Amino acid sequence: MSEASLDTLYEFAKRVAVQSGDDILMRGFHSSVKDVQRKGLTDLVTKYDRASEEFIFSEIRSHFPAHAVIAEEGSRSESAHDLVWYVDPLDATTNFAHGIPHFCVSIAVFSRSMKRTVVGVVYDPNRKELFTAMTGCGASCNGKQIQVSGIDKLSDSIIATGFPYGKQDERINNLPQVNKILSHVQCLRRMGSAALDLCYVASGRFDGYWEPMLFPWDTAAGALIVEEAGGLVSDYPGEAFDPVVPEIVASNGLIHDALQDLVKSSTEHLPRTIAKRVFF
Ligand code: IPD
Ligand code: CA
Ligand code: CA
């Protein structure tokens, strides 16, 4: 661990997430010009993704210049420091660009020596919900402790998922998994924000969630929030969560084996070559 206390990092992450969400993203959401561009066939980016990232990145750099930073829109601070910040300046850009009020800012601090995320903060500026967790200290929403649901049957469960931008490639488009899981659950949801999907598992609104082809800025904060709320997070084969592994299964713990079995058994035909994400 480093010289800055976990509390300092936690308070800092909360402040910049709320500031970015309220001052940058909400102003952008209500403006008529979002300046939407394409990073890929269906992968959008707006000037507000970039403005939010610029703000968060410069705040981290000025307060914690020795730390490593990896942010979705390309900002990097390469460092061998123990602490790595993963920043998604706007999770659910597609919702944002289409005027759908469901998106967030996601910020995580990962400790290389502890091999785990130590601080996770996800802020939904539409509902003014700030989901937070610090390792070993439980999870909260707006300062009130949250916990996962007590549903113990898949057939009573609401499960969330998402579809990768590379969905034209049917080997990774998540349809075999949807096809397998749909008939076993109460219903599925595709809300469009991986970070909020995880926070909804943490707060008992969803009972489980799985998704392929994600990045640490999508999952690191939310996964800690699920774990600290009493839930379980793994990869598809059932190994412990690692933010650089692109596939994730999260749940209230009670339905984890059942959900993970279905995900795993419908993924057998996929090449297990989806490599861990490497940044520098
Ligand atoms: C996306 C959202 C979405 C998930 C995609 C992500 P972005 O993040 O989290 O729910 O299905 O895989 O890439 O691009 O809007 O930050
Ligand atoms: Ca994003
Ligand atoms: Ca994202």
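This report describes the two largest pockets and the cysteines of a predicted model.

**Pockets**

The largest pocket has a volume of about 580 Å³, and among the 31 residues that line it, Asp43, Phe163, Tyr165, Arg190 and Glu211 lie nearest its centre. Two or more lining residues come from each of strand 5 (83-91), helix 3 (93-97) and helix 6 (216-228).

The second largest pocket, with a volume of about 380 Å³, is lined by 23 residues, of which Tyr86, Phe110, Asp242, Pro243 and Val244 are the closest to its centre. Here the elements that give two or more residues to the lining are strand 5, strand 7 (116-124) and helix 6, and helix 6 gives the most, with four residues.

The make-up of each lining by residue class is set out below.

| Pocket | Nonpolar | Polar | Charged |
|---|---|---|---|
| Largest pocket | twelve residues | seven residues | twelve residues |
| Second largest pocket | 15 residues | one residue | seven residues |

**Cysteines**

The count of disulfides in the model comes to zero. Cys104 is in no disulfide, and the nearest cysteine sulfur to that of Cys104, which belongs to Cys199, is 6.9 Å away. Because a disulfide calls for two cysteine sulfur atoms within 2.5 Å, the 6.9 Å from the sulfur of Cys199 to the closest cysteine sulfur, in Cys104, is too far for a bond. As for their surroundings, Cys104 counts as buried at 0% relative accessibility, and Cys199 is likewise buried, with a relative accessible area of 0%.

Methods:
Residues are numbered from 1 along each chain as its sequence is written. Chains are lettered from A and ligands numbered from 1 in the order in which they are written. This is a predicted model: local features need pLDDT of at least 70, side-chain atom pairs count only at pLDDT 80 or more; totals for chains, interfaces and linings use all residues. Side-chain values use heavy atoms; hydrogens and water are left out. On a 1 Å grid over the protein atoms alone, a cavity is a set of points where a 1.4 Å probe fits but cannot get out, and a pocket is an open set with protein on both sides within 12 Å along at least five of seven lines; lining residues have an atom within 4 Å of a point. Grid points are joined across faces, edges and corners, and a volume is the space filled by probe spheres set on the points. Ala, Val, Leu, Ile, Met, Phe, Trp, Tyr, Cys and Pro count as nonpolar, Asp, Glu, Lys and Arg as charged, and the others, Gly among them, as polar. Buried means under 20% relative accessible area, exposed over 50%, partly exposed in between (1.4 Å probe, protein chains only).
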